[in-house]
Amino acid sequence: MISDKMCKALNNQVNAELFSSYLYLSMSSWFSERSLSGFASWMRVQAQEELSHGMKIYDYILERGGKIEFGTIEQPESKWQAAAEIVEEVAKHEAKVTGLVNDLVDVAFAQKDHATNIFLQWFVAEQVEEEASVGEVLERMKMIDGDSAGMFAMDMELGKRVFTAPVE
Ligand SMILES: [Fe+2]
Ligand SMILES: [Fe+2]
């Protein structure tokens, strides 16, 4: 059985992952409305990934006999000036999520909850990958600096990324 404190912290993370999904879907719609379909597809894939992260934690809470608590999902931002601004916000958001995951690990340690600690290691590793992946896009966006040929090439490339469900 999971402690109330750990359970509450994990429920909060489900909410945070679902918010991430909602934020990335909002970003995806911004790109779709501007015919940047590769960027839109990339963010849509990100939104699916965040939803799967939330569900992974949801399933874990149930598996440990914890209670699922639903909260309000915050309204995501929807007005941006440029594609680069969105990519920058994704990078900042992922860094913030990494902080949340680290905080969860701290709770697991404090609660001597070894099972949750092991479970969370997947998320620790995932955040390294997420930050690296968006960091690369951000660096390239800086190189492109709004150049239309560069944006076209980037849009083509991002459109190739596909969603792969996390392995158990
Ligand atoms: Fe996530
Ligand atoms: Fe993420």
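**Notes on a five-helix chain**

1. Of this chain's 168 residues, 30% count as buried. Keep in mind as you read on that this is a predicted model.

2. What is the chain built from? It has 5 helices and 0 strands, so reading along the sequence you simply get α-α-α-α-α. The radius of gyration is 17 Å, close to the 15 Å that the globule rule gives for 168 residues, so the chain is as compact as a globular protein of that length. If you want a feel for the outline, the C-alpha atoms fill a box of roughly 55 × 25 × 25 Å along the principal axes.

3. Now for the contacts along the chain. Take those with a separation of 6 or more: 77% of them are between residues 24 or more positions apart.

4. One helix pair is worth a look. How do α1 and α3 run relative to each other? The axes of α1 (residues 4-33) and α3 (residues 83-110) come within 11 Å and cross at roughly 170°. An angle over 145 degrees counts as roughly antiparallel, and therefore α1 and α3 are roughly antiparallel to each other.

5. Here is who meets whom in that pair. On the α1 side you'll find, among others, Lys-5, Gln-13, Leu-23, Met-27 and Trp-30, and they face a group in α3 that includes Ile-86, His-93, Leu-100 and Val-107. Sorted by class, this contact has 12 nonpolar, 3 polar and 1 charged residues.

6. Next, the inside. The largest nonpolar core has 35 residues, and those with the most contacts inside it are Leu-10, Met-27, Phe-31, Phe-39, Met-43, Ile-86 and Val-87. Which elements give two or more residues to this core? They are α1, α2 (37-63), α3, α4 (114-144) and α5. The largest share, 12 residues, comes from α1.

7. Val-87, one of the core residues with the most contacts, is a handy one to click on. Leaving out residues up to four places away in sequence, Val-87 touches Val-134, Val-137, Leu-138 and Met-141.

8. Finally, have a look at Ala-153, which lies in helix α5 (residues 148-158). Is Ala-153 buried, exposed or partly exposed? Being buried takes 20 or more other C-beta atoms within 10 Å, while exposed means 12 or fewer; Ala-153 has 14, so it is partly exposed. Its C-alpha atom and that of Gly-38 are separated by 9.5 Å, although the two residues are 115 residues apart along the chain.

Terms used:
Residues are numbered from 1 along each chain as its sequence is written. Chains are lettered from A and ligands numbered from 1 in the order in which they are written. This is a predicted model: local features need pLDDT of at least 70, side-chain atom pairs count only at pLDDT 80 or more; totals for chains, interfaces and linings use all residues. Helices (H or I, at least four residues) and strands (E, at least two) are DSSP runs, numbered from the N terminus. The radius of gyration is taken over C-alpha atoms; the globule rule is 2.2 Å times the number of residues to the power 0.38. Two residues are in contact if their C-beta atoms, placed from the backbone, lie within 7 Å. Axes are lines fitted to C-alpha atoms, for helices over the stretch in contact, and angles run from 0 to 180 degrees between N-to-C directions. Angles under 35 degrees count as roughly parallel, over 145 as roughly antiparallel, 65 to 115 as roughly perpendicular and the rest as oblique. Ala, Val, Leu, Ile, Met, Phe, Trp, Tyr, Cys and Pro count as nonpolar, Asp, Glu, Lys and Arg as charged, and the others, Gly among them, as polar. A nonpolar core is a set of buried Ala, Val, Leu, Ile, Met, Phe, Trp, Tyr and Cys residues joined through C-beta atoms within 7 Å.
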